[in-house]
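Here are my notes on the entry you asked me to look over, set out as numbered points. Please read them beside the sequence and the coordinates.

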Amino acid sequence: MAHAVEIRDLHKSFGSLEVLKGIDFDVEPGQVVCVIGPSGSGKSTLLRCVNLLEQPTAGTVVVEGVELTHRDVDIDAARRRVGMVFQQFNLFPHMTVLQNVMIAQRRVLKRGKAEAERIARENLDRVGLSEKAASYPAQLSGGQQQRVAIARALAMSPSLMLFDEPTSALDPELVGDVLTVMRKLAEEGMTMLVVTHEMAFAREVADRVVFMDGGVIVEDGPPAQVIGAPRHERTKSFLRRVLDPTHTDV
Amino acid sequence: MSDQPKLTEPLPSPAGAVPGGAGLSPRQRQTISRGVQYVIFVVLVALVVSLADWAAIREHFLDMKVAENLFPEIFTVALKNTVIYTISGYVLGFFLGLLVALMRLSSAAPNRWVALVYIEVFRGLPAVLVFILLGLAVPTAFPGIRFPFDEYGVVAIALGLVSAAYMAETIRAGLQAVPKGQMEAARSLGMSYSRAMITVVIPQALRIVIPPLTNELILLFKDSSLVFAIGVTSATSELTKFGQDIATEYADSTPLLLAGATYLLITIPLGIVVRRLEARQAKAR
């Protein structure tokens, strides 16, 4: 079976700083993969390379059989199939919630107004925010904004969803709502690649957990193994810092 | 202070405080300073009033007989033309400025160079020189050329060229003030660079630069007076030229004063609008 994502020998440098030092990594259709690791380990850069928001320095990225790193690929067309949710939500502040979820359907997929609105409302309902359709992003809480951002990505009917630390900018009491939406999405069979610090979510929802450090993948396996019984010293020390209550400042 | 005799270091005093005023509290010092400012102001006003020749002013600046000759043409011709020149120049300048701003931020280096040269040239040239070049030099250099709408076309293009340079820099600042994540979110939804610019980035940037762009409208309104440099007929004259012509005819300055008042009739309300817009933005931040 074709991989949903297939990454081979991926390198990325910013100037003289090498952030990704040769990543090989696949995601199977329907899989939920959580990427964990200390800040600066390159996990967000890896995620941003999957839809080419960062141009890799070397290596190949293949999504749904399309090689995005190929020179002749239509990157705009390829990105339609990959939804992305950002740490800072990045909703369009000059549009209402409904317009946020409709705009790319209309302008990119050329859907008719009625169809785009129907799909937008369906997806807002999916994240539990149908009553906020007429609001502007600034009138919503962070958690609500992030759920709108998820609905906006889902409205494009993606086959793969990327989450870049989706709960890191949220107040602690708002994290749960966003994770609930993501958990539901995972149960529906969506292929998901999630960069996160939420260890409980990774342990519970992920099919695979990938631990990155220093621009390489250190450990890759089911959550029970990577989080429950890590083999590498670097994974153990990271998890100790994250999970130990006396080090909750991470 | 007297109960702290050990404190020998003098306290840092505000700039301009006299050593003899050390016994005054900051509030007393402020009261004295303000009083001095009022006295200076009153003396200056009294000086101007006493030195002015009021009889001459009444005769040369407030002559009602001369003033009568200005109406209604000061509004129906002069103000109307001023508004037409300003708006046509502004619209042209806005779209050209937006184009130059986008070129300035282009990833293609030649675009950036062209934009930069344009901005430097038209910001550096006196506007009156651009009028003369366009109105007199261009027809000489290209004998076949005719501007659309005659004087109106020349003025619109001249004002447009000059204001575009200023507006380009303002709009560029606005575009750069939109967070990078907006472009990334739009691109991640499959929008092309230009689609994302048009749908997401430019609308937000323009909202940011509405106050400075309205300011530019005020400046342009006044710059339209430079049309005298290309010589206009009485039918196409604007406020300044109109006032000047009648002032010469009657050897009286009343028309100039009235023309000035008519400018203020437009610029002061616009100024109030700008301040309102700025206040609203400051609150929204």
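**Notes on the model**

1. At 35% relative accessibility, A:Asp220 counts as partly exposed, although this should be read with the caveat that the model is a predicted one. The side chain of A:Asp220 meets that of A:Arg208 in a salt bridge, with an N to O distance of 2.9 Å. This contact links distant parts of the chain, since A:Arg208 belongs to strand β9 (residues 208-213) of chain A and A:Asp220 to strand β10 (residues 216-221) of chain A, 12 residues apart. The arginine partner, A:Arg208, is buried, with a relative accessible area of 13%.

2. Elsewhere, salt bridges that share partners join B:Arg104, B:Glu120, B:Arg123, B:Glu169 and B:Arg172 into one network. A search of the whole structure gives 19 salt bridges over all chains.

3. Strand β10 of chain A also holds A:Ile217, a residue that is partly exposed, with a relative accessible area of 23%. In sequence A:Ile217 and A:Phe25 are 192 residues apart, whereas in space their C-alpha atoms are 8.6 Å apart.

4. Where in chain A are the partners of the salt bridge between A:Asp177 and A:Arg147 placed? The side chains of these two residues meet at 3.7 Å, N to O, and the pair links distant parts of the chain, with A:Asp177 in helix α6 (residues 172-187) of chain A and A:Arg147 in helix α5 (residues 142-154) of chain A, 30 residues apart. A:Asp177 is partly exposed, with a relative accessible area of 40%, while A:Arg147, at 11% relative accessibility, counts as buried because the limit for that class is under 20%.

5. A salt bridge within a single helix is formed by A:Arg121 and A:Glu117, whose side chains meet at 3.1 Å, N to O. The two residues are separated by about one helical turn, because they are four residues apart in helix α4 (residues 113-126) of chain A. A:Arg121 is partly exposed, with a relative accessible area of 39%, and A:Glu117 likewise counts as partly exposed, at 27% relative accessibility.

6. One contact in chain A brings a charged side chain to an aromatic ring: A:Arg152 lies over the face of A:Phe92, at 4.5 Å from the ring centre.

7. Turning to aromatic contacts, the structure holds six aromatic pairs over all chains. One of them joins B:Phe71 and B:Phe75 in a tilted arrangement, with 5.9 Å centre to centre and 55 degrees between the planes. B:Phe71 is partly exposed, with a relative accessible area of 41%, and B:Phe75 is also partly exposed, with a relative accessible area of 38%. A further pair, B:Phe221 and B:Tyr263, is edge-to-face, with 5.7 Å centre to centre and 80 degrees between the planes. This pair links distant parts of the chain, with B:Phe221 in helix α9 (residues 193-223) of chain B and B:Tyr263 in helix α11 (residues 254-284) of chain B, 42 residues apart. Both B:Phe221 and B:Tyr263 are buried.

8. Which residues of chain B form a nonpolar patch on the surface? The patch is made of B:Leu24, B:Ile32, B:Val36, B:Ile40, B:Leu44, B:Leu47 and B:Leu51, with about 660 Å² of accessible area together. Among them, B:Leu44 lies in helix α1 (residues 26-51) of chain B and counts as partly exposed, at 49% relative accessibility.

9. The annotation of chain B comes from an unreviewed UniProt entry, which places the feature "transmembrane region" at residues 36-57, 83-103, 115-140, 152-171, 192-210 and 256-277. Over residues 115-140 of chain B the model is 92% helix and 0% strand, with the end C-alpha atoms 27 Å apart. Residues 152-171 of chain B are 100% helix and 0% strand, and there the end C-alpha atoms are 26 Å apart.

10. UniProt, again in an unreviewed entry, places the feature "domain: ABC transmembrane type-1" at residues 79-274 of chain B. In the model this span is 80% helix and 0% strand, and its end C-alpha atoms lie 21 Å apart.

Methods
Residues are numbered from 1 along each chain as its sequence is written. Chains are lettered from A and ligands numbered from 1 in the order in which they are written. This is a predicted model: local features need pLDDT of at least 70, side-chain atom pairs count only at pLDDT 80 or more; totals for chains, interfaces and linings use all residues. Side-chain values use heavy atoms; hydrogens and water are left out. Rings of Phe, Tyr and Trp (its six-membered ring) pair if their centres lie within 6.5 Å; planes under 30 degrees apart count as stacked, over 60 as edge-to-face and the rest as tilted. Buried means under 20% relative accessible area, exposed over 50%, partly exposed in between (1.4 Å probe, protein chains only). A charge sits over a ring if NZ of Lys or CZ of Arg is within 6 Å of the ring centre and within 35 degrees of the ring normal. Patches are made of residues with over 30% relative accessible area and no salt bridge: like charges are joined within 9 Å, nonpolar side chains (Val, Leu, Ile, Met, Phe, Trp, Tyr) within 5 Å. Accessible areas come from the Shrake-Rupley method with a 1.4 Å probe; for residues, only the protein chains shown count as cover. A salt bridge is a side-chain nitrogen of Lys or Arg within 4 Å of a carboxyl oxygen of Asp or Glu. UniProt positions are given in the numbering used here, feature names are shortened, and annotations may be inferred rather than shown by experiment.
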